[in-house]
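Trainee: Could we go through this one together? I would like to see how each label is earned.

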Amino acid sequence: MITGSCLCGQVSYQMDESKSGSAFHCHCSDCKKVTGSGKATVVEVSEKDIEISGNFQTFEKLGSDGSHVKRAFCPICGSQLFTFVLENEGALFVKAGTMDDSDWVRPVASCWAASVSPWSPADETTKTYAGNPLSA
Ligand SMILES: [Zn+2]
Ligand SMILES: [Zn+2]
């Protein structure tokens, strides 16, 4: 079982690593804003394979490709934990850095390489997509 939480611990979760989907880096401009960094690294998981405790708030904004993206954060410490995409029903993306141990995460691709920042380049050892791989 993989455990994780926000910075203050108010929101926490448990998920089964063996049931997780792909991990990837996202260099889109929205992920840069919410992380304050060059990219977000996320792991996809089915809603049924993750158990979330605590209360998070969400902020909704249309993604660069028009998808309906809801970003979940802790209202106390502000940590970003999860992303829900309406067009990707039944699954969510967990920010890898919120996991207590994320050493097992192996990103398979970099998305939105078109908006990469030169100081945080895309990982050239994996696939890169100019935009969203689902619409590529
Ligand atoms: Zn918190
Ligand atoms: Zn993104």
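Trainee: Along strand β2 (residues 12-15), which side chains are buried and which are not?

Mentor: Happy to help! This is a predicted model, where local features need pLDDT of at least 70, side-chain atom pairs count only at pLDDT 80 or more, and totals for chains, interfaces and linings use all residues. Residues are numbered from 1 along each chain as its sequence is written, while chains are lettered from A and ligands numbered from 1 in the order in which they are written. A residue is called buried if 20 or more other C-beta atoms, placed from the backbone, lie within 10 Å of its own. Tyr-13 and Met-15 are buried and point to one face of β2, whereas Ser-12 and Gln-14 point to the other and are not buried.

Trainee: What makes β2 a strand, and what makes β1 and β2 a pair?

Mentor: A strand is a DSSP run of E with at least two residues, numbered from the N terminus. Pairing takes at least two DSSP bridges between two strands. Strand β1 (residues 2-5) and β2 are joined by four bridges and run antiparallel, so they pair by that rule. Ser-5 stands opposite Ser-12.

Trainee: Which strand also pairs with β2 in the antiparallel sense over four bridges?

Mentor: That is strand β5 (residues 50-53), where Ile-52 stands opposite Tyr-13.

Trainee: Why does the radius of gyration agree with a compact globule?

Mentor: The rule, over C-alpha atoms, is 2.2 Å times the number of residues to the power 0.38. For 136 residues a compact globule would have a value near 14 Å, and the protein has 14 Å, so the two agree.

Key: A residue is buried if 20 or more other C-beta atoms lie within 10 Å of its own, exposed if 12 or fewer, and partly exposed in between; C-beta atoms are placed from the backbone.
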